[in-house]
Amino acid sequence: MSRPSDHFDSPDPAAERRLKAGGTGPGDGSGGPDGPGGSDDIVQPKLGFVGWLRWTWRQLTSMRTALFLLLLLALAAVPGSLVPQRAADPNGVTQYFADNPSLAPFLDKLQAFDVYTSAWFSSIYLLLFISLIGCVVPRAKHHFDALRAKPPRTPARLSRLAGFERREAPDGIGAVAAIESARKLLRKSGYRVVVFTAPGKNGAGETASVSAERGYARETGNLVFHAALVGILLTVGVGGGYGFSGQRVLVAGGGVFVNTLSAFDSFNPGRFFSEDSLAPYSMKLDQFTATYETKADGAFGQPIDYNAMVTTQERGQAPQTADIKVNSPLRIGGTDVYLLGNGYAPTITVKDPNGKVVFTDSVPFLPQDANLTSVGVVKVPDGLSEQLGMIGFFYPTQATSTTGAFYSTYPDADYPVLTLNVYDGDLGLNGGVPTSVYSLNTDKMKQLTGGSTGVASIQLKPGDSQALPNGLGTISFDTVHRYASLDIHHDPTQGWVLLFAASALLGLLISLFIPRRRVWVKATERADGTLSLEYAGLARGEDPRLLPAVADIAERHSKLLTGATPPETNA
Amino acid sequence: MTLDEYSIFFLYAAMAVYAFAFIAFALDLARRSAQVSAGNTVAVDGSVTTAPTVRESVAAGSGASSAVLNASSATLVAERPAGGSVDGSAKSGKNGANVANGAVAADGSVTRRSLSLRLGVSFTVIGFLLELTADVLRGIAANRVPWANMYEFSMTGTVLIVAVFLVVITRVDLRFLGTFITGLVLILLGISTVNYYVVIAPLPPALQSAWLVIHVFVASLGTAFFALGFALSGIQLLQYRRETLTLGAEFLKLKFLASLPDSTRLENLAYRVNIVGFVFWTFTLIAGAVWAERAWGRYWGWDTKEVWTFIIWVIYAGYIHARATRGWRGSRSAWLAIIGFGAVLFNFGVVNVFFHGLHSYSGL
């Protein structure tokens, strides 16, 4: 089967060497002890450069190396589960750096926060796949030849093979006739067959035999499985570069998303992404509903359903409404839109001392716990005598602990309260350095309320309005909306990945459960006119059912010869 | 009482019965050891032959059972190479038992079946039915499949481990694994009822998918096969040490090993069980990716649970390769199967509970 020389089904190199003292090494192996012997590969140490290359290639494509690389791959994947990864958990990485300031930079040098794209992890799986290809390609060629070849000659001594039995044929049946019926039987059972006949050694009678082989699909399945894995790797590696993923927060009843680059809050394009591939469509969040458990004592407040009701419009078409749920994304314009998060966006208005509106917006707050205590930042750069920054806490259902701290007892907005700590000074926006809308750098700012200032935080319920400190103006909490955090993805190759994965599974099933086996039936006419029938089999690869199968064939053949109907069993 | 309380009641009842099964299976092993020490022959099915003239066929391990097969299927079988009969004894347990029913063989030897082994199986079947009832009641009470948090994973997973064991022993006599299976199930159930119990809660939106039914169930089924493979590989290692020790050497006092199949047969059995587990695990991986695409917007993101599911898949892929690599068959590949199941337990017991990631459905 052109397997690596250290494959279990290849001829034993030690035995081979003993056989061929001339120095020809382990053959490419044909799987069975009866197959044609090894090839002309030289394994003597007088190797030139090409010889060394050959030797290296042989080592790389050997079973032992494949096994070693597999185990190394498993081991190398472990650190990525112990240390947060940038791709899956960027906030976790930031936190890790804050918690382990001395260890984290060292780990970062080892690419421990990007394990699965790291040089060392990549080199392991690339070597593994090179080894795999180097192993599979010769096997595929060999298998292609085997598919067109006839089963091998019947071995001289069947008694040395598995499941050997000898039976006496009923009187009056010749060797050729007996073998013909065995041939038909085996053919019907899915074997590829070839009949050999030979005159008896001492002219005593004829010898006929049928050589049969089945289960070629086992090797086909094996090759399909490995080829499909290569397919997955290539599709993910190359095809993934054409996609993109982006995030956008939509406030209910608020702004419209248009599928253009500037409309995303964040955007991660693949290597080969082109902006032209964005299909134009628009999307607006009409309403977001969240349903929470109100009864069960252990699960009070647990979410039961999230539903983002959106209106979408593709170019040249009428607007359409759709629901986006957690397990049911919206497929539109070549993209998939997923509902991955939600929260509250309090609508806040700031007026200057003259009553002129200088800021009004629904500001998305980030949830901090299961009851949606949320934190958000309001920045008012213009219109007031000083730049104003506020760090706000939003409690959907506010309660006060015994220490006086606020917390939320339920994720729905039953008793919403907004508190704000006000800072004035330099927001740091003038330098042109991009800053996150979710964080406030207070280095160049002065805290005016809350904390150690001695001035109580601003505390508002919907509809409330309050004066800002130092006569800066007024602030009002008008209402609160829900927002939905949507992920918008485009991956043109994921269908291919699924196809390859399904092929791999199918190939695996075939290669593990279809046995490859050879069966021989030999009829020898004796001098006294009686006919001896011999049955034997040979497993090619794992075949736990070989012996029952040979016995079954012998049994059915005997019944055929005696004229009885063979029982319907699967050989 | 609520349905969930009935479910808990049945679960405790099942645990009690499993405990009896464990004791019965352990007694069987003790009995095997004692009989082996006394110089009697014990077959894989636990039947003891006390005869002054021990037949050639009734040696230790599979040689014994295949010889019984030859004897019972009678006639026609004239020659059979000794090496080949190892694989053929797959069905022989049953035949062996039938012969054993006959009690007195032609040469006057007396064969007795193992009462404790039969009691162990009976208790296991009763325990299984009780636990299945508990599991189904939990599902009815929650109005969904009973595998959505650690407590329910444990319950359904152990039901499947026992179910796979009970199904497999109708085909191959692996009843000698009863101690391991019932012991493992008891430990898992003990941990989960004490530490993981949560009241019935509705499914969070991320779990509201048909894939919950498929993905988690197949993963548990794969785990059940891996558990059986783990046990077989473990015994294979012990058996191999016993076989390679020189005659007369004392070994661990695990004399019952003499009554179990030889290490080659154990290895073949472990392989057959593990590849079934591997196929289920491959499916779990693919189904999980399909579900992740729907729920999280990407089919693969190296989430901690994804990482460990991948690691387990690679270890068992390595195991299957090891079985086909010269020099890695036998004990080395057995160690890989054992490490693989260790990773499965780690993935279930440690990653689910302690690791941070998207698969935070332990309910704890």
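**Entry 1: salt bridges**

I began with a count over all chains, and the structure holds 31 salt bridges. I keep in mind that this is a predicted model.

I looked up a pair in chain A. The side chains of A:Arg331 and A:Asp336 form a salt bridge, with N to O at 3.0 Å. Are the two partners buried or exposed? A:Arg331 has 41% relative accessibility, so I noted it as partly exposed. A:Asp336 has 12%, so it counts as buried.

Next I took A:Lys559 and A:Glu555. Their side chains meet in a salt bridge at 3.5 Å, N to O. Why are they about one helical turn apart? Both sit in helix H11 (residues 546-561) of chain A, and they are separated by about one turn because they are four residues apart there. A:Lys559 is partly exposed, at 28% relative accessible area. A:Glu555 is also partly exposed, at 30%.

I then asked which residues share a network of salt bridges with this pair. The network links A:Glu165, A:Arg167, A:Glu555 and A:Lys559.

I turned to chain B for another pair. B:Arg298 and B:Glu306 form a salt bridge, and their closest N and O atoms are 3.1 Å apart. B:Arg298 has a relative accessible area of 18%, and the cut-off for buried is under 20%, so B:Arg298 is buried. B:Glu306 is buried too, with 6%.

**Entry 2: where chain B meets chain A**

I looked up how many residues each chain brings to the contact. Chain B gives 59 residues and chain A gives 64 residues. Together the two chains bury about 5,400 Å² between them. Carbon and sulfur atoms account for 66% of that area. On the side of chain B, I found that B:Arg294, B:Tyr299 and B:Arg326 lose the most area to chain A. Together these residues make up 14% of what that side buries.

I counted the charged links next. There are three salt bridges between chain B and chain A. One of them joins the side chains of B:Arg329 and A:Glu542, at 3.1 Å from N to O. I also looked up polar contacts across this interface, and 15 residue pairs turned up, with both residues at pLDDT 80 or more.

Which elements of chain B give two or more residues to the side that touches chain A? They are helix H3 (85-88), helix H9 (263-296) and helix H10 (304-323). H9(B) gives the most, with 15 residues. I sorted the residues on this side of chain B by type: 37 are nonpolar, 13 are polar and nine are charged.

**Entry 3: chain B as a whole**

I stepped back to see how chain B is built. Chain B has eleven helices and three strands. Along the sequence, the pattern reads α-β-β-α-α-α-β-α-α-α-α-α-α-α.

Chain B has 364 residues, and 59% of them count as buried. I checked contacts between residues at least 6 apart in sequence, and 77% of these join residues at least 24 apart. The accessible surface of chain B is about 14,400 Å². Of that surface, 68% belongs to carbon and sulfur atoms.

**Entry 4: positive phi**

I looked up two residues other than glycine with a positive phi. Phi of A:Leu372 is near 60 degrees. A:Leu372 lies in the loop between strand S13 (366-367) and strand S14 (374-380) of chain A. A:Leu372 is at 9% relative accessibility, so I marked it as buried.

Phi of B:Trp302 is near 55 degrees. Where is B:Trp302 found? It is in the loop between H9 and H10 of chain B. B:Trp302 is partly exposed, with a relative accessible area of 22%.

**Entry 5: two buried residues in chain A**

I chose A:Ser131 first. A:Ser131 is in helix H7 (residues 119-148) of chain A. With 2% relative accessibility, A:Ser131 counts as buried. Beyond its neighbours within four places in sequence, A:Ser131 is in contact with A:Leu60, A:Thr61, A:Ser62, A:Ala66 and A:Leu69.

A:Tyr395 came next. A:Tyr395 is in strand S15 (residues 387-395) of chain A. A:Tyr395 is buried, at 8% relative accessible area. What does A:Tyr395 touch, not counting residues up to four places away in sequence? Its contacts include A:Thr373, A:Phe406, A:Tyr407, A:Tyr415 and A:Pro416. I followed up on A:Phe406. A:Tyr395 and A:Phe406 are eleven residues apart in sequence, and their C-alpha atoms are 7.8 Å apart in space.

Key: Residues numbered from 1 in each chain as written. Chains lettered and ligands numbered in written order. Predicted model: local features only at pLDDT ≥ 70, side-chain atom pairs only at ≥ 80, totals over all residues. Heavy atoms only, no water. Contact = heavy atoms within 4.5 Å. Buried area = accessible area lost by both parts, 1.4 Å probe. Salt bridge = Lys/Arg side-chain N within 4 Å of Asp/Glu carboxyl O. Polar contact = N/O pair within 3.5 Å; in protein donor to acceptor, adjacent residues only side chain to side chain. Nonpolar A, V, L, I, M, F, W, Y, C, P; charged D, E, K, R; others polar. Buried < 20%, exposed > 50% of the residue type's maximum accessible area, 1.4 Å probe, protein only. Areas by Shrake-Rupley, 256 points an atom, 1.4 Å probe, with all protein chains shown as cover.
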